[in-house]
Amino acid sequence: MPRPLNVGLVGGGRGAFIAQPHQKAIHFDGTRRVVAGALFPDSKIALEEAAKWPYPITGYGSYDEMIGAQKTLPEDQKLDYILIVTPNHVHFDPAMKAIKAGIPVFCEKPLTVNLKEANALVRAVRARNIPFGVAHTYLGHWTSRLSRYIVRAGLLGEVRWVDSYYLQGWLATKVEATGAQGAVWRTNPKTAGGSGCGGDIGTHALMQLRYVTGLEVAQVSAQLETFVEGRLLDDHFTIYCKLSNGSKALVRATQIAIGHKNDLGIEINGTKGTLRWRQEDPECLTIHLSNQPDRVYWRGAVTPGDGFLPKDVPASLMAEPTIPSGHPEAFHDAFARLHRCFEEDVRKYQAGAAFKCDGAKYANIEDGWTGIAFIDACVKSSKKKGAWTTMPKPI
Ligand SMILES: NC(=O)c1ccc[n+]([C@@H]2O[C@H](COP(=O)([O-])OP(=O)(O)OC[C@H]3O[C@@H](n4cnc5c(N)ncnc54)[C@H](O)[C@@H]3O)[C@@H](O)[C@H]2O)c1
């Protein structure tokens, strides 16, 4: 029986948000556990926060110390991967140091704050052939996986148009002026990167489009707008895209749409039909075909060979662990599915076996890079009043 994988957190102290869903998802299967953390930038507070963690972990004063300590630890106590859940400007440095130390990395999005850092990470990951995941949560819903299959298998015909969106309303006022941690760093170009709303949630909308359709954005015409006075970064992000198959898409995100909470969704119009999916209702997707009743596919209640889905829906998709339909899965389950798939690759890497970090099960380093390249192109286009701008060439 292999021992559970040891995970070390970078970030997570003092009311941090996303470290919590991750740490729960890490523990979902009993085959991974959080054993260590560098939880805060100040070393004294980092150790205090580790001592207050709800179960025993080894606290470190900094991620440098945590990564450096690995050399001398007994095999069964070494970290098998690190999880980076810090603000965007503290992704690159710990990720690079972990890769150089041979430790796989699961990193929050957006990958980095600029393209130069993203390029360097891609090169480092490729040079060492090490598992690297990017936490695009919504790919982890089983219905996202089914959407991917439906669209890529051509069941909607040729893709003509995609509307991929992420709508929020929580930054409709100057929340950052209240000192709220998550709002302060998200609205500061030094800590968030070149785009606020686009980097934070536009990258999720882009990833959902790419994951489900398999299409790439070739060119963008972007409008990055700031509605809240005095804010330094965009809080409204509207991108008209030309896609790699010649079709078009809208990738849009906003943080000022009062009433929307985490309204990420996608609609794909093909020559034969339409697919609709929303993460706030993630247990089902809807298919619309001309002159036919709508079909609603629920996770756990899908029957291949039903007149729309062929008999040969991949067995691996049908066999992904889920609970019976009607017992709702949601955000934590999606995260758990990503960590579960990442674990498989980490174990293969450790055994010296081939692993396929190809983006089919979780976003990989190239996906992270593409998010940053997209932001780079959008910022450039928006500065030129929406001029069509070509995406940077993949490295
Ligand atoms: N995948 C998703 O759905 C999702 C959702 C929310 C946030 N995020 C991403 O997760 C990251 C964190 O976001 P958040 O909302 O949890 O932020 P947060 O402000 O709530 O938490 C950030 C944590 O990082 C810690 N930190 C900062 N600098 C550090 C350093 N040098 N060393 C150690 N710890 C440090 C802070 O103390 C805090 O614990 C961001 O990149 C964000 O874009 C992703």
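Here are four short exercises on the structure above, each with a worked solution.

Before you start, note that this is a predicted model, where local features need pLDDT of at least 70, side-chain atom pairs count only at pLDDT 80 or more, and totals for chains, interfaces and linings use all residues. Residues are numbered from 1 along each chain as its sequence is written.

**Exercise 1.** Work out how compact the protein chain is for its 395 residues.

*Solution.* Start with the parts list: the protein chain has 12 helices and 15 strands. Here helices (H or I, at least four residues) and strands (E, at least two) are DSSP runs, numbered from the N terminus. Next, the radius of gyration is 21 Å, close to the 21 Å from the globule rule, so the chain is as compact as a globular protein of that length. That radius is taken over C-alpha atoms, and the globule rule is 2.2 Å times the number of residues to the power 0.38. Finally, the C-alpha trace spans about 65 × 55 × 40 Å along its principal axes.

**Exercise 2.** Decide why helix H6 (residues 142-152) counts as largely enclosed.

*Solution.* First get the cut-offs: a residue is buried if 20 or more other C-beta atoms lie within 10 Å of its own, exposed if 12 or fewer, and partly exposed in between, with C-beta atoms placed from the backbone. Now count: eight of the 11 residues of H6 are buried, so the rest of the structure largely encloses this helix. Among them are Trp142, Arg145 and Leu146. Just past the end of H6, look for Gly154, with a positive phi of about 80 degrees.

**Exercise 3.** Describe how helix H1 (residues 19-26) packs on helix H11 (residues 331-350).

*Solution.* The axes are 8 Å apart, at an angle of about 60 degrees. Axes are lines fitted to C-alpha atoms, for helices over the stretch in contact, and angles run from 0 to 180 degrees between N-to-C directions. Under 35 degrees is roughly parallel, over 145 roughly antiparallel, 65 to 115 roughly perpendicular and the rest oblique, and H1 and H11 are therefore oblique to each other. Then find who meets whom: residues of H1 including Pro21 and His22 meet residues of H11 including Phe331 and His332. In contact means C-beta atoms, placed from the backbone, within 7 Å.

**Exercise 4.** Is Pro304 buried, exposed or partly exposed?

*Solution.* Locate Pro304 in the loop between strand E14 (295-298) and helix H10 (315-318). Count its neighbours: 14 other C-beta atoms lie within 10 Å, so Pro304 is partly exposed. Leaving out residues up to four places away in sequence, Pro304 touches Leu309, Pro310, Lys311 and Val313.

Conventions. Two residues are in contact if their C-beta atoms, placed from the backbone, lie within 7 Å.
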